[in-house]
Amino acid sequence: MPLITSPFKTRARTIDHLGREQIADCPTAISELWKNAYDADADEVALHILDGEQSVAAIVDNGFGMSLADFEEKWLTVGTESKIESEDDESENKRKYNRQKQGQKGIGRLSSAALGHLLLLVSKKEQHPYVASLIDWRIFENPYIMLHDIAIPSLELGSLEELHSELPSLYESLMRNVILSEKDKSASALRLRDAWQMFYEFEKKEYFKQNKNLDGFKSTYDQIVTQSKLTVFTERVINTWPVAKGNFETGTAMFMVGIPDELEDQLVLESITEVNDATGRAKLKLLETLSNFTDPFLTKKEKEKKNNDPFSCSVVAWNGQLQRVLVGQSREFDISDLEKMEHIVDGDVDEKGYFKGTVKVFGQEFNDVVIKPVRQYKTRVDSRFGAFAIRIGGYEGKKQNSSMPEELWEKVDSNSVLHGGLRIYRDGLRVMPYGRDESDFFEIESRRTRNAGQYFWSSRKTYGRISISRLGNPNLKDKAGREGLMDNRAAILFREIVINILIETAERFFGRKSKIREEAKADIAAERAEEKAKADRKKLLKNERNRVKKLIKENQPSLFAFLEELEDVQADLVNGEDITNLQQAKELKNLSNRYNENLKDYSLSPIPPSLGTVKEQYDEYRSLELQAKEVVKRLTMSADSAIEKHTTKSDTDVARSQFNTNRGYITSKIKKMAAEGRELLKTELDRFEQLVDSCNKSYDAALSELLQDLDLGVVSPADAMKKIDLEYQKQEIANAQALKPYISALSSIRNAIDLEGLAIASLRESNKWQQEATRLNGLAQLGITVEIIGHEIEGLDLTIGRGLKDLRKTDLTSTQSKLVDSVNFAHESLSDKWRFLSPLKLSGDHTKTDVTGSKILDYVNNFYGEALERRNITLKTTDSFNKFSVYDSPARLYPVFINLINNSRYWLNVKDEDPKEILLDYRDGEVIVADNGPGVDLVDLESLFTLFFTKKQRGGRGVGLYLSKSNLALSGHSIRYITSPDEKCLSGANFGIKIGGLLK
């Protein structure tokens, strides 16, 4: 029989499979196209997302660009071998940088299909005309079309001005793949016509299956035809490309229409914390992926080596002419932050798997650390993993166990969502998806679930990266869909080596078994004990203030009566007969002694260093006490003078009488204190015995069910032992926290240490910081306002700056140039002042004036009017609120209303049910701010106005209501949350502000 040979036949759908369907998500697609810009020798690449009748995404760079031949022979050739393509580029393009090509499969360009169904590609190569092409990726979704039947239109342009006039011809040529002329009887045309008809019937059938009717059905064919009639590639869109504005000579731009929801979500003006979960997650994912696209953990020396190879990436969202930089040059977490972390592993791994480097544990560095591989590796050329670098940082999950300052720990912990995770970088560019929550390539979380204390490392408590290179690690290749490294032997060994380093560092330095950790924890415990002492002093101050307040309330009436009695006795002495004998003098002395003892009962000592709101009451009480002391002093002096006058040398019984009297007073006092002390000791001994009994029983109680499960065979002995070990550690800590304070206190008493006196003395030291705390309160209030408007100011500032920069490039007269210089100088000065004032500024002028409901409404509308309108939220006021007026500082009141309206806005968005209403009312001396959102849970009412309490899923600081209450209190006002249904204005959250100022 004759030999038959047959070629592969390729359907157009293959392009769709290799492009859109291979890419996991939008950030991954963007990162692929950014890598293409890197391969094209670009200094900078940017993603612009522009709103409009149809939103447009643009990825623009200043690489060496393409000629028409490059586009047809390389860009449209799928699967070009990267080495061959690299050699061709070297011979044809003069490269500025010695970069290793990142593209491996020759399909990265197809990622653009995941960012929009219609692509306009424009490129400019040195000494070549512009090239433009138009592609609708939906054509490739038709499973009946053969790939060789599709013709992609392209043309050359002498200048970009020609692009708009040539776009119709590009559309017309593109549509010949969809709308076939009846006159065209070629085999290709017949196949295309039949393919679209079959696809139409297929889509209609599938739509009917799912919806049971054809209402709203629109075929892919109809969608493509409709799109061709719209004008979307406007001058505003094209000018996002720096080449179009004349900033660079060469580069490539990809303009995409029909962008996915993940990119549409970036155009939402509200911050991540103010939008629903789906939008918030999309914004968070893009920011997390692209803000860390290039390696942020390079040292200064490493950066200097790359100084002649800059590559900057940015993402800009355009709302009208407002530009918001979502990803820019500044980094929130980089090498400087990593170096401040308490745990660091930094070193190199050679080709045999040996780690050599530095390890930092709780801030203490250990140099020349060597970690051997678990075994000797025998590899071939095609399985060699190659040398790589590792630089990772970690921190303690509990603040009280950390050696870092509280502020640094909080910064590191808050940044972990966006910047945490162990990532992989190849030649300085991120390899996806490593470092994301869903990727556990190094089995960090898997080990942690088995024994968190032993294995230490946690995905979100870890920052850093592993650095590989294409030349040094040629066998660590990406999968086609960029969902990680290919599972070849090199990748398996690479992972095994990294896992070994993580396990070894945990065992030797960071984990529960480490002696270094045990010693460091002792020092940290001492520091935390000091911090606890500060907290105890604060608690003591509060108790002492309450004690003084209580005693003043109890003693002041009797002290006043006692002073009147003393003044009556004094008046009798002044106006009565003189003392004529010793007996009368003795009686007066006994009376003054009794009064002196009685006066001691009115003493409030010891007095805390700061009395707060009790100060005024204390001053009044102290004045009465001092008056009484002065009268008793005069009585004592009169008695002593009379005794001296009427006593001879032989009258020793007078002195003995005084001795006996004083001894009687002392004995009485001792008996009284002894009885009180014995009662306290008896009560505390009973409580201590109960506590000991509880500690003894809690270990058995906690594990009783586990032991039952063990007997029944429900849990394995190995798992049971792990849980028993974990419970033992918990009980050890709990018992120490419960019993050691008693032992420490009793030991101090045995050593004659006055705990109360010691604590109060230390309180005096902290009193000088009270004024500083008040200032910080004002700064925090400003911070809330800056946080809300800061990103808008930054966008406006950037827009003005770019506009002036573009204006300079136009043909200006000398007069116009001087005017532009003057405006630019003023803009730069204003920008400098704004940047200086925005992070830190006193909270405003506190001059009092008439603050009316109408003024408050105008202020709120200026602040939030557009934002409320965008979210379909109605702000209403009553006549009584509009007419209400109070004489107070606007700087005290306005921020309160801004915070309450902002809270209502957030929770109304979370509920997301129309109608959304906010009401401002005034009744019975109280301003009401109400909404019809979900309201506040009753269990949260106790903590509602406390510092750092928040229920917001993301971004909430928990300071707004606390500062609102503090600000109102400064003017004598108060705020409460209304729970009674009869008092509520709307069904959701209702806050009442009781006005204590001067009303009008």
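**Exercise 1. Enclosed spaces**

Task: State how many cavities of 30 Å³ or more a search of the whole structure finds, and describe the lining of the second largest cavity.

Solution. The model under study is predicted.

Step 1. Searching the whole structure yields five cavities of 30 Å³ or more.

Step 2. For the second largest cavity, the volume is about 110 Å³. It is lined by 13 residues, and those closest to its centre are Leu422, Gly435, Arg436, Ser439 and Ser459.

Step 3. Sorted by class, this lining consists of five nonpolar, four polar and four charged residues.

**Exercise 2. An open pocket**

Task: Determine which residues lie nearest the centre of the second largest pocket, and which elements give two or more residues to its lining.

Solution. Rolling a probe the size of a water molecule over the atoms reveals where empty space remains.

Step 1. The second largest pocket holds about 650 Å³ of space.

Step 2. Its lining comprises 25 residues, with Leu298, Glu302, Lys306, Asp427 and Ser467 nearest the centre.

Step 3. Two or more lining residues come from each of helix 11 (300-305), strand 9 (343-349), strand 12 (388-394) and strand 15 (462-468).

Step 4. By class, the lining of the second largest pocket is made up of six nonpolar, seven polar and twelve charged residues.

**Exercise 3. Helix 17 against helix 18**

Task: Decide whether helix 17 and helix 18 are roughly parallel or roughly antiparallel, and identify the residues that make their contact.

Solution. A pair of packed helices is described by the angle between the axes and by the distance between the axes.

Step 1. Helix 17 spans residues 515-575 and helix 18 spans residues 582-600; they pack at an angle of about 160°, and their axes are 12 Å apart.

Step 2. Angles over 145 degrees count as roughly antiparallel. Helix 17 and helix 18 are therefore roughly antiparallel to each other.

Step 3. Their crossing is left-handed. Helix 17 contributes Phe562, Glu565, Leu566, Val569 and Leu573 to the contact, while helix 18 contributes Leu588, Leu591, Tyr595, Asn598 and Leu599.

Step 4. This contact contains eight nonpolar, one polar and one charged residues.

**Exercise 4. Helix 18 against helix 19**

Task: Give the packing angle and the axis distance for helix 18 and helix 19, and classify the residues of their contact.

Solution.

Step 1. Helix 19 covers residues 615-646; it packs with helix 18 at an angle of about 155°, the axes being 8 Å apart.

Step 2. Helix 18 and helix 19 are therefore also described as roughly antiparallel to each other, and they cross in a left-handed manner.

Step 3. The contact includes Leu588, Tyr595 and Leu599 of helix 18, and Val632, Leu635 and Ile643 are among the residues of helix 19 that take part.

Step 4. By class, eleven nonpolar, five polar and five charged residues form the contact.

**Exercise 5. Helix 27 against helix 28**

Task: Establish how helix 27 and helix 28 are oriented and what the handedness of their crossing is.

Solution.

Step 1. Helix 28 (residues 960-970) and helix 27 pack at about 155°, with 9 Å between their axes.

Step 2. This angle makes helix 27 roughly antiparallel to helix 28. The crossing is left-handed.

Step 3. Among the contact residues are Leu893, Val896 and Leu900 of helix 27 and Leu961, Leu968 and Leu970 of helix 28. The class totals are seven nonpolar, five polar and one charged residues.

**Exercise 6. Backbone details**

Task: Locate proline 433, proline 915 and phenylalanine 362, and report the backbone feature of phenylalanine 362.

Solution.

Step 1. Methionine 432 is joined to proline 433 by a cis peptide bond with omega of about 5°. Proline 433 belongs to the loop between strand 14 (429-431) and helix 14 (444-450).

Step 2. Aspartate 914 and proline 915 are likewise linked by a cis peptide bond, with omega of about -5°. The loop holding proline 915 runs between helix 27 (890-911) and strand 19 (916-923).

Step 3. Phenylalanine 362 is not a glycine, yet its phi is positive, at about 50°. Its place is the loop between strand 10 (355-361) and strand 11 (364-371).

Conventions. Residues numbered from 1 in each chain as written. Predicted model: local features only at pLDDT ≥ 70, side-chain atom pairs only at ≥ 80, totals over all residues. Heavy atoms only, no water. 1 Å grid on protein atoms, 1.4 Å probe; cavity = no way out; pocket = protein on both sides within 12 Å on 5 of 7 lines; lining within 4 Å. Points joined across faces, edges and corners; volume = space filled by probe spheres on them. Helix = DSSP H or I, 4+ residues; strand = E, 2+ residues; numbered from the N terminus. Nonpolar A, V, L, I, M, F, W, Y, C, P; charged D, E, K, R; others polar. Axes fitted to C-alpha atoms, helices over the stretch in contact; angles between N-to-C directions. Parallel < 35°, antiparallel > 145°, perpendicular 65-115°, else oblique. Left-handed = near helix turned anticlockwise from the far one by under 90°. Contact = heavy atoms within 4.5 Å.
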